Amino acid sequence: MKKLGFGCMRFPLRSPDDPTSVDLEQVKTMVDRFLERGFTYFDTAYFYHKGTSEGIVRQVLVNRHPRDSFTLADKLPLSMLKDKTREDQAQTFHTQLERCGVDYFDYYLLHNVNAESYETALRLGSFSYLLEQKEKGFIRHLGFSFHDSAKVLDRVLREHPEVEFVQLQLNYLDWESPSVQSRLCYETALRHGKQVVVMEPVKGGKLADPSPEVAQLFHSHDPNSSLSSWAIRFAASLEQVIVVLSGMSSLEQVEDNTCYMSHFVPLSTEELSLTARAAQLIRGDGTVPCTACSYCTEGCPSHIPIPAILSLYNDSIRAPGEKDYHAEYQSLPVNSEACVYCGQCRRACPQHIDVITALQDAHAVLGEVVG
């Protein structure tokens with residue numbers, strides 16, 4: 001299997017403010033091109049695109065291509081099952097099969113395992129339930145996606161050696177991060193003999209659009225390589241990584257990613273040094289490391305569009321004066337002032353961002369009337 005996977009979390013939209021307004025015709029073209037170039041791995045989840053991603057995968061992929069021509073991964077939504085029963089778990093799993101229109105999943109994961117959601121999985125007997133589904137032929141390979149410390153990962157893998165792989169957030173910016181712990185988690189997975197699937201290799205697009213200083217650093221070495229290619233190749237260069245997911249949002253991104261990954265060349269020692277220097281520069285730029293996953297918005301009682309606000313805030317830092325950030329902020333239906341400080345966003349954030357403080361900082365900058 002080639003090392004590039006198609007993440008179905010960031011399909012192109014007809015309306016930027018509506019995650020369900022997916023441009024189906026463009027996605028069909030993207031899927032076809034991806035398959036034509038010999039790539040097969042597609043990754044979806046119950047919550048992606050506000051619950052529509054699985055059905056979209058059925059329309060653009062499953063209904064249009066032979067089942068043996070692609071590899072499909074899906075995930076059990078542990079956060080949704082927090083207060084549910086084992087019967088609800090079983091119903092959810094079979095609903096996902098129906099939504100996707102398949103008889104089995106090639107790869108199936110417990111979604112977003114951390115210290116809290118792991119307790120939900122234990123209460124529901126999720127690992128044993130999914131092993132049963134594997135024995136029945138509904139799952140080919142069993143794993144989990146993970147957002148927590150290496151210590152928690154070690155516990156899960158010690159208690160459940162039956163899983164075959166782990167999906168980790170891994171990129172050159174988070175490699176030495178004390179909160180995300182990409183390197184430590186990768187090394188933990190290796191110590192337990194597990195293969196690794198990589199998510200967020202481009203950090204939600206952050207590494208595809210860094211500061212001009214970082215862009216120049218890479219372009220001076222190789223002016224023909226895209227900025228995102230450095231991030232994806234960094235992750236793919238790791239020996240135990242079997243696939244790197246990219247949430248592609250345009251045909252142009254599919255063309256670029258499949259071009260350099262068709263004949264993948266790992267980063268050299270010199271190139272790895274450049275990514276380490278880039279990470280150092282990005283960490284010092286003052287932006288918030290938000291990937292726009294929207295996990296924080298699902299339970300926000302005030303319905304604050306947190307990723308949109310943090311994106312505006314980051315843009316105001318990277319490109320001050322380029323546009324009227326204040327006006328865009330004020331045009332949002334709800335802004336940071338609506339925060340009730342419940343802390344749900346902070347608990348939900350896989351990047352371990354202090355979201356409340358970040359929103360306050362954003363409001364201090366974007367809420368101020370200039371002139």
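**Placement and exposure of selected residues in the predicted chain**

Ser-294 is partly exposed, with a relative accessible area of 28%; this value, like every other value reported here, was computed from a predicted model. The assignment follows because 28% falls between the limits of 20% for buried and 50% for exposed residues. Ser-294 is located in the loop that runs between α12 (269-283) and α13 (306-318). The phi angle of Ser-294 is near 70°, a positive value in a residue other than glycine. Most residues other than glycine have a negative phi. A positive phi is also found at Asn-112, where the angle is near 55°. Asn-112 belongs to strand β4, which comprises residues 105-113. With a relative accessibility of 15%, Asn-112 counts as buried, because this value is under 20%.

The chain as a whole contains 16 helices and 8 strands. Its radius of gyration is 20 Å, close to the 21 Å that the globule rule gives for 371 residues, so the chain is as compact as a globular protein of that length. Along the principal axes, the C-alpha atoms occupy a box of roughly 65 × 45 × 45 Å. Of the 371 residues, 53% are buried. Among the contacts with a separation of 6 or more, 76% are formed by residues that lie 24 or more positions apart. The surface exposed by the chain amounts to about 16200 Å², of which carbon and sulfur atoms supply 50%. The chain carries 35 positive and 48 negative charges, and the mean positions of these two sets are 4 Å apart.

The surroundings of helix α7 were examined next. This helix spans residues 150-159, and its buried residues are Ala-150, Val-152, Leu-153, Asp-154, Val-156 and Leu-157. Which elements cover these buried residues of α7? The cover includes the strands β4, β5 (139-146) and β6 (165-169), together with the helices α5 (115-124), α6 (126-135) and α8 (182-191). Strand β4, named in this cover, is the strand in which Asn-112 is found. Helix α8, likewise part of the cover, contains Thr-188. Thr-188 has a relative accessible area of 3% and is therefore buried, being under the limit of 20%. When residues up to four places away in sequence are not counted, Thr-188 touches Ala-150, Leu-153, Asp-154 and Leu-157. Each of these four residues is listed among the buried residues of α7.

Two further buried residues are situated in loops. Thr-44 is placed between β2 (41-43) and α2 (48-51). Its relative accessibility is 0%, so Thr-44 counts as buried. Neighbours within four places in sequence being left aside, Thr-44 is in contact with Cys-8, Ser-53, Glu-54, Val-57, Leu-72, Ala-73, Asp-74, Lys-75 and Cys-100. Lys-206 lies in the loop that separates β7 (195-199) from α9 (212-221). Is Lys-206 buried or exposed? With a relative accessible area of 10%, Lys-206 is buried, because this value is under 20%. The side chain of Lys-206 makes a polar contact, at 2.5 Å, with the side chain of Thr-287. Gly-55 is 151 residues away from Lys-206 along the chain, and the C-alpha atoms of the two residues are separated by 28 Å.

A further group consists of exposed residues. Pro-66 is found in the loop between α3 (53-62) and β3 (71-76). Its relative accessible area is 51%, so Pro-66 is exposed, the limit being over 50%. Pro-66 and Arg-347 are 281 residues apart along the chain, with a distance of 41 Å between their C-alpha atoms. Glu-270 is part of helix α12, and at a relative accessible area of 52% Glu-270 is exposed. The C-alpha atom of Glu-270 is separated by 40 Å from that of Val-60, and the two residues are 210 residues apart along the chain. Gly-321 occupies the loop between α13 and α14 (325-331). The relative accessibility of Gly-321 is 71%, so this residue counts as exposed. Gly-321 and Phe-264 are 57 residues apart in sequence, and the spacing between their C-alpha atoms is 39 Å.

Key
Residues are numbered from 1 along each chain as its sequence is written. This is a predicted model: local features need pLDDT of at least 70, side-chain atom pairs count only at pLDDT 80 or more; totals for chains, interfaces and linings use all residues. Side-chain values use heavy atoms; hydrogens and water are left out. Helices (H or I, at least four residues) and strands (E, at least two) are DSSP runs, numbered from the N terminus. Buried means under 20% relative accessible area, exposed over 50%, partly exposed in between (1.4 Å probe, protein chains only). A polar contact is a pair of N or O atoms within 3.5 Å; within protein, one must be able to donate a hydrogen and the other to accept it, and residues adjacent in sequence count only if both atoms are side-chain atoms. The radius of gyration is taken over C-alpha atoms; the globule rule is 2.2 Å times the number of residues to the power 0.38. Contact means heavy atoms within 4.5 Å. Accessible areas come from the Shrake-Rupley method with a 1.4 Å probe; for residues, only the protein chains shown count as cover. Lys and Arg count as positive and Asp and Glu as negative; His and the chain ends are not counted. The place of a charge is taken as NZ of Lys, CZ of Arg, CG of Asp or CD of Glu.
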